[in-house]
Amino acid sequence: MAEISAALVKELRELTGLGMMECKKALTEAGGDLKKAEELLRIKSGAKASKAASRVAAEGVIGAFVAADAKLGALVEVNCETDFVARNEDFLAFARSIAEVVATRDPGAAEEDKRQKLVQKIGENITIRRFKRVQAKGKIALYVHAGAKIGVLVDYDGAGEIGKDVAMHIAFARPRHLSKAEVPQEIVSSERKIQEARALESGKPPEIAAKMVEGSLNKFLGEITLMGQPFIKDDKQTIEKMLAAKKTKVDGYAFLVVGEGIEKAQPSP
């Protein structure tokens with residue numbers, strides 16, 4: 001029987017929003033297969049396909065494109081009004097085509113014309129909300145998750161399976177920055193002030209309080225940076241340590257989540 005790790009249980013909890021024991025039981029029943037366990041929970045408890053999807057503020061998908069040489073990639077968020085349309089093949093094909101365009105240039109008049117024609121055909125408002133492109137120093141790994149609600153591109157140099165693992169981790173953990181060195185100084189300063197205030201309230205001696213501040217600050221920076229986060233497949237090591245062990249380097253990444261940051265009208269009770 002497959003060993004069910006705490007990281008796997010945590011990932012299923014994030015996807016479904018259900019309790020730890022329910023998730024562990026489903027994973028055990030599914031032999032450690034995350035997708036099967038998610039399906040089991042949906043059947044047994046009516047769980048949504050993804051907790052992330054339930055939080056989004058608009059419907060739609062992330063269109064994705066990676067060039068044949070894996071040197072260029074793009075993600076685009078294309079929104080619509082209903083989840084039904086988000087599964088429409090014409091809508092999905094439109095999102096894919098826009099991603100391919102975005103890899104080399106911003107959408108223009110031709111894409112706007114296609115959008116308007118699709119609106120007329122489908123009967124819902126459709127928007128090209130935002131996009132990201134990556135020109136790789138190494139090569140690009142792509143991961144699309146949760147019914148195309150999350151898309152990730154990773155610029156890496158190393159074994160192919162490691163690039164995919166890192167992309168999956170990013171979809172789950174959504175790090176704000178690559179490494180501690182890339183965290184803006186104003187964020188570091190703000191967090192330091194918070195931790196200094198907490199240490200002062202603790203009443204500890206100055207030398208102990210100073211260590212508390214540094215420890216808490218390092219923990220915070222680890223949580224918001226890819227390199228500092230515990231790897232979802234082995235939470236006993238950070239992404240940085242895992243990459244070093246696999247002789248793999250990550251130069252950058254990009255990800256998009258459908259509807260992130262948009263207010264969505266709630267149905268009346």
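Student: Leaving aside neighbours within four places in sequence, which residues is Val250 in contact with?
Tutor: This is a predicted model. In it, Val250 is in contact with Val154, Asp155, Tyr156, Val166, Leu178, Leu226, Met227 and Leu243.

Student: Where is Val250 found?
Tutor: In strand β8.

Student: Buried or exposed? And why call Val250 that?
Tutor: Buried, because its relative accessible area is 7% and the cut-off for buried is under 20%.

Student: How far apart in space are Val250 and Glu240?
Tutor: Their C-alpha atoms are 9.2 Å apart. In sequence the two are ten residues apart.

Student: Now the largest nonpolar core. Which residues touch the most other members?
Tutor: Val152, Val154, Val166, Ile170, Leu226, Leu243 and Val250. The core has 23 residues.

Student: Which elements give two or more residues to this core?
Tutor: β4 (139-145), β5 (150-157), α8, α11 (239-245) and β8 (249-257). The largest share is from α8, with five residues.

Student: And Leu226, what does that touch?
Tutor: Not counting residues up to four places away in sequence, Leu226 touches Val166, His169, Ile170, Pro175, His177, Leu178, Ile239, Val250 and Tyr253.

Student: What lies apart from the largest core?
Tutor: Another core, of 19 residues. Val61, Ala67, Val85 and Ala148 are among them.

Student: Switching to Glu77. Where is it found?
Tutor: In strand β2, which covers residues 72-80.

Student: Is Glu77 buried or exposed?
Tutor: Buried. Its relative accessible area is 0%.

Student: So what polar contacts does the Glu77 side chain make?
Tutor: One is with the side chain of Asn79, at 2.9 Å. Another joins Glu77 to the side chain of Arg130, at 2.6 Å.

Student: Which residues is Glu77 in contact with, leaving aside neighbours within four places in sequence?
Tutor: Val61, Ile62, Thr127, Ile128, Arg129, Arg130, Leu256, Val257, Val258 and Gly259. Arg130 is thus on the contact list and is also a polar partner of Glu77. Val61 is on that list too, and belongs to the core of 19 residues.

Student: Pockets next. What volume has the second largest one?
Tutor: About 320 Å³. Its lining has 17 residues, and the closest to the centre are Lys10, Phe172, Ala173, Gln229 and Pro230.

Student: Which elements supply at least two residues each of that lining?
Tutor: α1 (6-16), α8 (160-173), α10 (206-224) and β6 (230-231). The largest share is from α1, with four residues. Helix α8 also gives the largest share of the largest nonpolar core.

Student: How do the lining residues of the second largest pocket divide?
Tutor: Nine are nonpolar, two polar and six charged.

Student: One more residue. Where does Val102 lie?
Tutor: In helix α6, residues 89-102. Val102 is buried, with a relative accessible area of 0%.

Student: Which residues is Val102 in contact with, leaving aside neighbours within four places in sequence?
Tutor: Ala74, Leu75, Pro107, Phe131, Lys132 and Arg133.

Student: And how far is Val102 from Gly73, C-alpha to C-alpha? What about along the chain?
Tutor: The C-alpha atoms are separated by 8.6 Å. Along the chain, the two are 29 residues apart.

Student: Whole chain, then. How many helices and strands?
Tutor: Eleven helices and eight strands. Of the 269 residues, 42% count as buried.

Student: What share of the contacts with a separation of 6 or more comes from residues 24 or more positions apart?
Tutor: 63%.

Technical notes
Residues numbered from 1 in each chain as written. Predicted model: local features only at pLDDT ≥ 70, side-chain atom pairs only at ≥ 80, totals over all residues. Heavy atoms only, no water. Buried < 20%, exposed > 50% of the residue type's maximum accessible area, 1.4 Å probe, protein only. Contact = heavy atoms within 4.5 Å. 1 Å grid on protein atoms, 1.4 Å probe; cavity = no way out; pocket = protein on both sides within 12 Å on 5 of 7 lines; lining within 4 Å. Points joined across faces, edges and corners; volume = space filled by probe spheres on them. Nonpolar A, V, L, I, M, F, W, Y, C, P; charged D, E, K, R; others polar. Polar contact = N/O pair within 3.5 Å; in protein donor to acceptor, adjacent residues only side chain to side chain. Core = buried A, V, L, I, M, F, W, Y, C linked by side-chain atoms within 4.5 Å.
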